[in-house]
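Hi,

Here is the structure I promised to pass on. Have a look at it first, and then read on for my notes.

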Amino acid sequence: MRVAILCSSPYSETSCAVAARLAQLGHVPVGALTLPSWDRKTLLRKVGQWGLHDSLQYAVAKLSPGKSTDRKHVRNPYLESALRHGDGVFRSLGEVARTHGFPVVTCSDQNSARTVAQLTQWSPDLAIFTGGDILRDEVLKVPRLGILNSHLALLPEIRGMSSPEWSLLCGVPLGITIHFMDSGVDTGPILLRREFVADGCDSLADLRNKMIAEGIELIAEAVAGLDRGTISAVPQADREKDCQFFVMHEQLKAVAARRLKRGPLNPVGDRCDGSGGSNG
């Protein structure tokens, strides 16, 4: 199984963990395409998704990623086992690539002709998307099987942004979906769909970090299943309502945080009616 990675930064912990975990399991990437470490479009997306404060912290981390032996700077502690390397942790895709022997190529636009040409040269069976641009058909159709994404919610119930928070607010069980990407927003065929138990999560940030780590394990499971031919994708069920959600307002996030601490939600009384979700 020839696997490529598309990511938003060479210092993305999630991307490093995906590459390292796949390599640990015998699926060394054929290559990784990354946006520059300082990318204006990525930062603007983070501002929309996380807010200004967390986005500035993200920017500072990208400008000063720290030493590879310094574990205390791992932003997501649940990724440390995947990132662990010798006496330290991987701090960049370059370090993962040097250890496991695959190329890393920087591109300014994941939809550019150069990106398509590089992916075509690598001839991957599968690509893993860990962040970046909204991908167009020219890129999506290059890998033989398609491009996988880990979505931090159950599909098709919760599509779009701030998905764990909207799950909490709408009374939809927390979950993770591994799906093939298509031209829609989180509308592609589903490979794996698992509910997620938030035991021990004391904040939305902690919840998201834990779900990201679990999503990486599910990506590894999906890659192995596709390689063995033991799993196949299932089209998403048709929905009567548009359930694409947008960035959640801070006041609503506070409500979602309280519901996280409160525990399991009422399966009927706490559900959204769908009218507020599509407007973000």
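Which elements do the buried residues of H5 pack against? They pack against S1, H1, S2, strand S4 (88–89) and S5. Before I go on, some ground rules: this is a predicted model, where local features need pLDDT of at least 70 and side-chain atom pairs count only at pLDDT 80 or more, while totals for chains, interfaces and linings use all residues. Residues are numbered from 1 along each chain as its sequence is written, and side-chain values use heavy atoms, with hydrogens and water left out.

On terms, helices (H or I, at least four residues) and strands (E, at least two) are DSSP runs, numbered from the N terminus. "Buried" means under 20% relative accessible area, "exposed" over 50%, and "partly exposed" in between (1.4 Å probe, protein chains only). A contact is heavy atoms within 4.5 Å.

Now the overall picture. The protein has ten helices and eleven strands, and buried residues make up 50% of its 280 residues. Take the contacts between residues at least 6 apart in sequence: 70% of them join residues at least 24 apart. The accessible surface comes to about 13,300 Å², with 51% of it belonging to carbon and sulfur atoms (Shrake-Rupley method, 1.4 Å probe; for residues, only the protein chains shown count as cover).

Back to H5, which covers residues 93–100. Its buried residues are Leu-93, Glu-95, Val-96 and Ala-97. Just after the helix, Gly-101 takes a positive phi of about 75°.

S2 (residues 31–34) is covered on both faces. Gly-31 and Leu-33 are buried on one side, and Ala-32 and Thr-34 are buried on the other. S2 also has strand partners, where pairing takes at least two DSSP bridges between the strands. Strand S1 (residues 3–7) pairs with S2 in the parallel sense over four bridges, and Ala-4 has Gly-31 in S2 as its bridge partner. The chain gets from S1 to S2 by way of H1, in a right-handed β-α-β crossover (with the strands pointing away from the viewer, the path from the first strand over the helix to the second runs clockwise). S2 is also joined to strand S5 (residues 104–106) by three bridges, and these two run parallel. There, Ala-32 has Val-104 in S5 as its bridge partner.

S7 is worth a look too. Five of its six residues are buried, so the strand is largely enclosed by the rest of the structure. Strand S6 (residues 126–129) runs parallel to S7, joined by four bridges, and Ala-127 is matched with Ile-147 in S7. S9 is joined to S7 by four bridges as well, but here the strands run antiparallel, and Ser-150 stands opposite Ile-178 in S9.

Then the charged pairs. How many salt bridges does the structure hold? There are eight, counting a side-chain nitrogen of Lys or Arg within 4 Å of a carboxyl oxygen of Asp or Glu. Three of them are described here:

- Glu-217 and Arg-21 form a salt bridge, with the closest N and O atoms 2.9 Å apart. The pair links helix H9 (residues 204–228), home of Glu-217, to helix H1 (residues 13–24), home of Arg-21, across 196 residues. Glu-217 is partly exposed, at 32% relative accessibility.
- Arg-193 and Glu-157 meet at 2.5 Å, N to O. Arg-193 is in strand S10 (residues 190–195) and Glu-157 is in the loop between strand S7 (146–151) and strand S8 (159–160), 36 residues apart. Arg-193 counts as partly exposed at 38% relative accessibility, and Glu-157 as partly exposed at 22%.
- Arg-208 and Glu-165 meet at 3.0 Å, N to O. Arg-208 lies in H9 and Glu-165 in helix H8 (residues 163–170), so the pair ties together parts 43 residues apart in sequence. Both residues, Arg-208 and Glu-165, are buried.

H9 also passes a length check. The expected span is 1.5 Å times one less than the number of residues, so the 25 residues of H9 should span 36 Å, and its end C-alpha atoms are indeed 36 Å apart. After H9 comes Gly-229, with a positive phi near 75°.

Cheers
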